[in-house]
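Colleague: Before I use any of the labels attached to this predicted model, I would like to go through the reasoning behind them with you. Please set each value against its cut-off as we go.

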Amino acid sequence: SNAADACDKKRFLRVQENADTGEKLGIKVIPNKESRTLIIEDTGIGMSKEELQKNLGRIAQSGTAKFIEEYGKDGKGEASQNLIGKFGVGFYSAFLVADKVEVVTKKYGETEQLRWISESKSMDQFKIMSDSSTFPYES
């Protein structure tokens, strides 16, 4: 749901900005048996450091709910009420099957790429750092 919402948010902002870049929005799920990893890649809106802290740093904190609140008032247009992740708990289901979760993100309109890391043994602790990795799984 997070990846789908990220794409919908980016689509909404591009319409608001009248900025159709032609970029295809989408989601890829890439399993790797050998490394026992699952990569979920999207071309959505991304997150800033502050958003990583607020939205991934707390259970039941919904970035989607805040997005709807922000863009559904003050004449800025109506954010889609069809966005999925309004409760802020779906992301944490990853810890049911993973010992470690990493999120690599770059906020739409910004240049810095960030990496958020947390382990299931200490879900209340996480690290955020600048990241310069490339994605060999992007096509």
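Colleague: Which residue of E4 stands opposite Val101, and how do you know that E3 and E4 pair?

Modeller: Val101 stands opposite Ser118 in E4. Two strands count as paired if there are at least two bridges between them, and E3 and E4 (residues 113-119) have seven, in the antiparallel sense, so the requirement is met.

Colleague: What makes E3 and E5 edge strands?

Modeller: The open sheet has three strands in the order E3-E4-E5, with antiparallel pairing. Strand E3 (100-106) and strand E5 (127-130) each pair on one side only, and these are the edge strands. From one strand to the next, the twist averages 20°. Helix H2 (residues 49-56) lies across E3, E4 and E5, and runs at about 25° to E4.

Colleague: What makes E1 and E2 a hairpin, and over how many bridges do they pair?

Modeller: E1 and E2 pair in the antiparallel sense over six bridges, and four residues lie between them. Pro31 has Leu38 in E2 as its bridge partner, while Arg36, in the turn, has a positive phi of about 55°.

Colleague: Why is Ile40 called exposed?

Modeller: Ile40, which lies in strand E2, has a relative accessibility of 54%; the label exposed applies over 50%, so Ile40 qualifies. Ile40 also belongs to a nonpolar surface patch with Ile27, Val29 and Leu38, and together these residues have about 400 Å² of accessible area. Strand E1 (27-32) and strand E2 (37-42) each supply at least two residues of that patch.

Colleague: How do you know that Glu41 and Lys28 form a salt bridge, and is Glu41 buried or exposed?

Modeller: The distance from N to O is 3.9 Å, and the cut-off is within 4 Å, so the pair is counted as a salt bridge. Glu41 has a relative accessible area of 11%, and since buried means under 20%, Glu41 is buried. Lys28, at 31%, falls between 20% and 50% and is therefore partly exposed. The two residues are 13 apart in sequence, with Glu41 in strand E2 and Lys28 in strand E1.

Colleague: Why is Lys107 called buried, and what is its salt-bridge partner?

Modeller: Lys107 has a relative accessible area of 17%, which is under 20%, so Lys107 counts as buried. Its partner is Glu51, with N and O 2.9 Å apart, and this pair links the loop between E3 and E4 to helix H2 across 56 residues. Glu51 stands at 25%, between the two cut-offs, and is therefore partly exposed. Elsewhere, salt bridges that share partners join Lys100, Glu102, Arg115 and Asp131 into one network.

Colleague: How do Glu50 and Lys54 fit the criterion for a salt bridge?

Modeller: Their closest N and O atoms are 2.9 Å apart, and the limit is 4 Å, so the criterion is satisfied. Both residues lie in helix H2, four residues apart, about one turn of the helix. Glu50, at 46%, and Lys54, at 36%, are both partly exposed.

Colleague: Where is Met47 found, and which residues does Met47 touch?

Modeller: Met47 is in the loop between E2 and H2. Setting aside residues up to four places away in sequence, its contacts include Leu52 and Leu56, along with Val103, Lys107 and Leu114.

How values were computed:
Residues are numbered from 1 along each chain as its sequence is written. This is a predicted model: local features need pLDDT of at least 70, side-chain atom pairs count only at pLDDT 80 or more; totals for chains, interfaces and linings use all residues. Side-chain values use heavy atoms; hydrogens and water are left out. Axes are lines fitted to C-alpha atoms, for helices over the stretch in contact, and angles run from 0 to 180 degrees between N-to-C directions. Contact means heavy atoms within 4.5 Å. Patches are made of residues with over 30% relative accessible area and no salt bridge: like charges are joined within 9 Å, nonpolar side chains (Val, Leu, Ile, Met, Phe, Trp, Tyr) within 5 Å. Accessible areas come from the Shrake-Rupley method with a 1.4 Å probe; for residues, only the protein chains shown count as cover. A salt bridge is a side-chain nitrogen of Lys or Arg within 4 Å of a carboxyl oxygen of Asp or Glu. Buried means under 20% relative accessible area, exposed over 50%, partly exposed in between (1.4 Å probe, protein chains only).
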